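Me: I am new to reading protein structures and would like a close look at a single part, taken slowly. Please begin with the overall layout and then stay with the packed sheet and its surroundings.

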Amino acid sequence: MEAEKKDFFKRLMEHDFSRKMVLILAFAGIALIFLSSVFGKTGKETQQSVQTAASAVSSQESNQDYTAQMEQRLSELISQISGAGTPHVLVTLEQGTAQVYATEEKKTTQKAQDSSGSRNTDNSSLETKYILVKDANGNEHPVEITQQQPKIQGVVVTCPGADNPAVQEKIISAVTTAVGISSARVCVVRSDS
């Protein structure tokens, strides 16, 4: 049987036309493999990258919405302080909204003794994986446990009454209590309007 196969390939390679066809088919196969790796990413991988980009944009928008909402609420609060006037507030974020995903941890510990038996060695490793679920389209997504609110880095308040130390202290106290940051992260300055 093997002799028949060898004879077949010998006869195939004796003809110039056959050799050319084998080379053409080999190059066509290589080209198909290359094209499938280049154009094969149009399915799930492209959809996942689009979802990731959309998620990043929506996260940035939600951070901007959060800062605008905090600025509005702080402006309303400060305007109620006697002598403050009409305030302008700027809130900066240290970190934006963060998602916390479900994970699975696997800890392995190996105990070993050296050849003399006098010393024990413990080798341990911790492997953490995200828990993934498939949606109706077959795409895998991590399981989100919770979403952490943005962390405020600092607040700047400008208002006409800020040159009065008593008003300035009341504004700092109100902002630090409302936002939960230290007074070192609050700047209150006088504005001309």
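How many helices and how many strands are there in the protein?

Reply: This is a predicted model, and in it the protein has four helices and nine strands. If you read along the sequence, these elements follow the pattern α-α-α-β-β-β-β-β-β-β-β-α-β. Of the 193 residues in the protein, 18% are buried, and the accessible surface comes to about 14400 Å², with 54% of that area belonging to carbon and sulfur atoms. Among the contacts between residues at least 6 apart in sequence, 66% join residues that are at least 24 apart.

Now to the sheet itself, which is the part you asked to see closely. Three strands form this open sheet, in the order β1-β8-β9, and their pairing is mixed. The strands β1 and β9 are the edges, since each of them pairs on one side only, and the twist from one strand to the next averages 15°. Between β1 and β8 the pairing is antiparallel and runs over seven bridges; as one example of residues facing each other across strands, Val89 stands opposite Val157 in β8. The helix α4 packs on the sheet, where it touches β8 and β9, and the direction of α4 makes about 145° with that of β9.

The strands and helices just named also meet in the largest nonpolar core, which has 22 residues, and among these Ile152, Val155, Val157, Ile171 and Val175 touch the most other members. At least two residues of this core come from each of α3 (44–79), β1 (88–95), β8 (151–159), α4 (165–179) and β9 (186–190). The helix α4 gives the most to the core, with six residues. You can follow one member outward to see how the pieces come together: with residues up to four places away in sequence set aside, Ile152 touches Tyr66, Met70, Val91, Thr92, Leu93, Glu94, Val179, Ile181 and Arg185.

A residue of helix α3 to compare with this is Thr67. Its relative accessibility is 14%, and because buried means under 20%, Thr67 counts as buried. Apart from neighbours within four places in sequence, Thr67 is in contact with Val91 and Leu93, and both of these residues also appear in the list of those touched by Ile152.

The cysteines deserve a careful look as well. Cys159 has a relative accessibility of 0% and therefore counts as buried, whereas Cys187, at 36%, counts as partly exposed, because that value falls between the 20% limit for buried and the 50% limit for exposed. A search of the whole structure finds zero disulfides.

Finally, it helps to set the sheet beside a residue from another strand, and Lys107, found in strand β3 (residues 103–113), will serve. Lys107 has a relative accessible area of 62%, so it counts as exposed. Even so, Lys107 has contacts with residues further along the chain: leaving out those up to four places away in sequence, Lys107 touches Ser125 and Leu126. The C-alpha atoms of Lys107 and Ser124 are separated by 7.0 Å, although the two residues are 17 residues apart along the chain.

Methods: Residues numbered from 1 in each chain as written. Predicted model: local features only at pLDDT ≥ 70, side-chain atom pairs only at ≥ 80, totals over all residues. Heavy atoms only, no water. Disulfide = S-S within 2.5 Å. Buried < 20%, exposed > 50% of the residue type's maximum accessible area, 1.4 Å probe, protein only. Core = buried A, V, L, I, M, F, W, Y, C linked by side-chain atoms within 4.5 Å. Contact = heavy atoms within 4.5 Å. Pairing = 2+ DSSP bridges. Axes fitted to C-alpha atoms, helices over the stretch in contact; angles between N-to-C directions. Areas by Shrake-Rupley, 256 points an atom, 1.4 Å probe, with all protein chains shown as cover.
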